[in-house]
Amino acid sequence: MTTTAVITGSGLYTPPDSIDNAALAASFNAWVDMENGRHARAIEAGEREPLLHSSSEFIVKASGIHSRHVLDAEGILDPERMRPRLPQRSNDEPSLQCEMGLAAAGEALQNAGVEAQELDMVIVACSNLERPYPAVAVELQAALGAGGHAFDMNVACSSATFAIDIAANAIRAGNARRVLVVNPEICSAHLNFRDRDSHFIFGDACTALVIEASDLATMPGAFEIRGTRLVTRFSNAIRNNAGFLNRVTDTDPLAEDKLFVQEGRRVFKEVCPMVAALITDHLVGFDLKGSDLSRLWLHQANRHMNDMIARRVLGSVPDETQAPIILDRYANTSSCGSIIAFHLNRDDLSVDDLGVVCSFGAGYSAGNVILCKR
């Protein structure tokens, strides 16, 4: 008999620093003025186009984002720096992502009524890992005092849902009984704050989920994982070329392509139908349709994308309850987005209510998880 996997606890770490659109645009505009001043002659001669200002209104219209939480606001808002200032830690200190993971995991474990030593698998899944090895997951496992094994994985913004799939399958197969999934996203470190089209997109956060075999769950309000479905399709429309080969290919390690780069309109055009089809087809496999869902916890990248996908899945214009939005105050937190939406918007659901957690991003990749409130 196949064991059922359930989500019994969730946790969220929110960095204390917050930057609203007005402050971010002011910093960007100060840099633009300095750059245009440095190149005034070339601009006057028609040899160079002047850089354009940003604004709160432009950011909201483009994305629906009003503010974002970050690990360091001061460095980002300094027009001479425009990136967070995060001091390097010694090898004997907890890594930054481990520290974030401990905060989110602590809340998730408490909500699940589970002790860390009862875990037998820890997965750290996120878009950017602060080092290749040793695995942050193994470090977090040791810091928690968890048992079993641990590993890192990266499927960009879909990392959390792909990790849920791995955890659920491990439990169904009997290879694990309790799994912790942690998503420490430091997106501000890979964002080009000097790119007008994307300088506002990302924020930082960390989420955690406890996933257990159903017979072990002791806390009320668990969510049964009815099914998971994943899809990938290669595209260069979202890309980051930073890597360990940069030093041997003699490329500039600070070049723009070593940071987040995307073709926004192409991403919108190609990803929205792919994700809507993934969710709809997955539901059909369970004899369900969009109108059967009480909640749609979507990846939080762009308000326009979420609205379009929700309309296609639900068959109507969603309200804030059906498809909750958190990107207005968190921005795009990569793999954390859909999990933050779930964490903050699930307690009001009733027994047997159905919901979907869906994330999507670079790859392209998309992961869908059908949940039922127990």
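Q: Is the crossing of H8 and H9 left-handed or right-handed?
A: Helices here are DSSP runs of H or I with at least four residues, and strands are runs of E with at least two, numbered from the N terminus. A crossing is left-handed if the near helix is turned anticlockwise from the far one by less than a right angle, and right-handed if clockwise. For H8 and H9, the crossing is right-handed.

Q: At roughly what angle do the axes of H8 and H9 cross?
A: This is a predicted model, in which local features need pLDDT of at least 70 and side-chain atom pairs count only at pLDDT 80 or more, while totals for chains, interfaces and linings use all residues. Residues are numbered from 1 along each chain as its sequence is written, and side-chain values use heavy atoms, without hydrogens or water. Axes are lines fitted to C-alpha atoms, for helices over the stretch in contact, with angles from 0 to 180 degrees between N-to-C directions. The axes of H8 (residues 264-284) and H9 (residues 303-314) come within 9 Å and cross at roughly 35°.

Q: Which residues of H9 make the contact with H8?
A: Contact means heavy atoms within 4.5 Å. On the H8 side, the residues include Val267, Phe268 and Leu283. From H9 come His304, Met305, Met308, Ile309, Arg312 and Val313.

Q: Which strands are the edge strands of the open sheet?
A: Two strands pair if DSSP finds at least two bridges between them. The sheet has 9 strands in the order E5-E4-E6-E7-E1-E8-E13-E12-E11, with mixed pairing. Pairing on one side only are E5 (149-153) and E11 (295-298).
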